[in-house]
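Biologist: I'd like to go through this model with you and ask how you know what you say about it. Can you put the structure up?

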Amino acid sequence: MTTLMSNPMSNLVSNPVSNPRSELDQLIVAVRRAVARNADWRQTAVFVADALRRHMPPADLLLTPAQRIGERGTHSSQRLHVEPDGSFSMVAIVWQPGAVTRIHDHVTWCVFGVLEGVEHEDLYTLSEDGTHLLEAGVNPNLTGEVSAFAPPGDIHRVRNNSETTAVSLHIYGTDLSRIGSSARRWYDLPVRG
């Protein structure tokens with residue numbers, strides 16, 4: 001996985017934006033332009049990460065207080081946008097304290113930005129014989145940071161180790177409303193250090 005650190009850059013729009021839909025619309029237009037460059041998955045993820053970095057909206061403008069509520073150890077997602085041609089989807093994910101995903105990889109490229117809190121990412125590689133996973137590192141993704149990755153080699157799990165809620169914005173290179181999940185495969189294999 002390639003982790004791309006946040007680098008605030010000026011917005012492409014000269015006037016400040018005052019409503020959440022406008023901010024999200026700016027991001028959608030920027031991602032649309034990035035995807036339209038027709039690069040390979042890894043390069044597309046880099047282009048989309050740059051777009052997200054320039055247009056990352058604040059969590060409190062994307063989600064209502066009710067959408068941020070959840071039980072300890074859970075995570076929930078809110079669909080923000082599906083591109084009409086199916087080329088990308090955006091979801092906000094709310095990670096309650098103690099939330100953790102199963103180890104998985106993805107069907108396509110993914111970019112995410114942390115809007116609030118810390119999203120920990122445990123990275124893995126598959127052993128040559130396919131019988132176990134090898135620990136490959138840990139990324140504590142902080143508020144404002146953006147990460148991008150594309151298969152193969154994108155095996156990970158995400159967790160919230162803190163006592164506060166974390167919120168992240170994920171952009172996937174497919175129509176999630178059509179396929180239901182960005183996960184290609186779940187890994188229930190032993191993990192070795």
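**How do we know?**

Modeller: Keep in mind that this is a predicted model. Let's start at the hairpin of strand 2 and strand 3: 6 residues sit between the strands, and Gly-86 there takes a positive phi near 80 degrees.

Biologist: How do you know that strand 2 and strand 3 pair, and which way do they run?

Modeller: Pairing takes at least two bridges. Strand 2 (residues 75-82) and strand 3 (residues 89-95) are joined by 7, so they count as paired, and they run antiparallel. To pick out one partnership, Arg-79 has Val-91 in strand 3 as its bridge partner.

Biologist: Why are Phe-112 and Phe-149 called an edge-to-face pair?

Modeller: Ring centres must lie within 6.5 Å, and the planes must be over 60 degrees apart. Here we have 6.5 Å centre to centre and 65 degrees between the planes, so both conditions are met. The count of aromatic pairs comes to 1. Phe-112 belongs to strand 5 (residues 110-116) and Phe-149 to strand 8 (residues 146-149), so the pair ties together parts 37 residues apart in sequence.

Biologist: What makes Phe-112 buried or exposed?

Modeller: Buried means under 20% relative accessible area. Phe-112 has 2%, so Phe-112 is buried. Phe-149 has 4%, so that ring's residue is buried too.

Biologist: And what about Arg-102: buried, exposed or partly exposed?

Modeller: Arg-102 has 43%, which falls between 20% and 50%, so we call it partly exposed. Arg-102 lies in the loop between strand 3 and strand 4 (104-106). Its C-alpha atom is 5.9 Å from that of Arg-157, although the two are 55 residues apart along the chain.

Biologist: How do you know that the span of helix 2 agrees with what you'd expect?

Modeller: Helix 2 (residues 41-54) has 14 residues, and at 1.5 Å a residue they should span 20 Å; the end C-alpha atoms are 20 Å apart, so the two agree. At the start of helix 2, a side-chain oxygen of Asp-40 comes within 3.2 Å of the backbone nitrogen of Arg-42. The buried residues of helix 2 include Phe-47 and Val-48.

Biologist: What makes you say that the charge of Arg-37 sits over the ring of Phe-47?

Modeller: The charged end of Arg-37 is 3.5 Å from the ring centre. The distance limit is 6 Å, and the charge must also be within 35 degrees of the ring normal. Arg-37 counts as sitting over the ring of Phe-47.

Biologist: Which part supplies the largest share of the largest nonpolar core?

Modeller: That core has 30 residues, and Val-48 and Trp-109 are among those with the most contacts inside it. Its largest share, 7 residues, comes from helix 1.

Key
Residues are numbered from 1 along each chain as its sequence is written. This is a predicted model: local features need pLDDT of at least 70, side-chain atom pairs count only at pLDDT 80 or more; totals for chains, interfaces and linings use all residues. Side-chain values use heavy atoms; hydrogens and water are left out. Rings of Phe, Tyr and Trp (its six-membered ring) pair if their centres lie within 6.5 Å; planes under 30 degrees apart count as stacked, over 60 as edge-to-face and the rest as tilted. Helices (H or I, at least four residues) and strands (E, at least two) are DSSP runs, numbered from the N terminus. Buried means under 20% relative accessible area, exposed over 50%, partly exposed in between (1.4 Å probe, protein chains only). The expected span of a helix is 1.5 Å times one less than its number of residues. A polar contact is a pair of N or O atoms within 3.5 Å; within protein, one must be able to donate a hydrogen and the other to accept it, and residues adjacent in sequence count only if both atoms are side-chain atoms. A nonpolar core is a set of buried Ala, Val, Leu, Ile, Met, Phe, Trp, Tyr and Cys residues joined through side-chain atoms within 4.5 Å.
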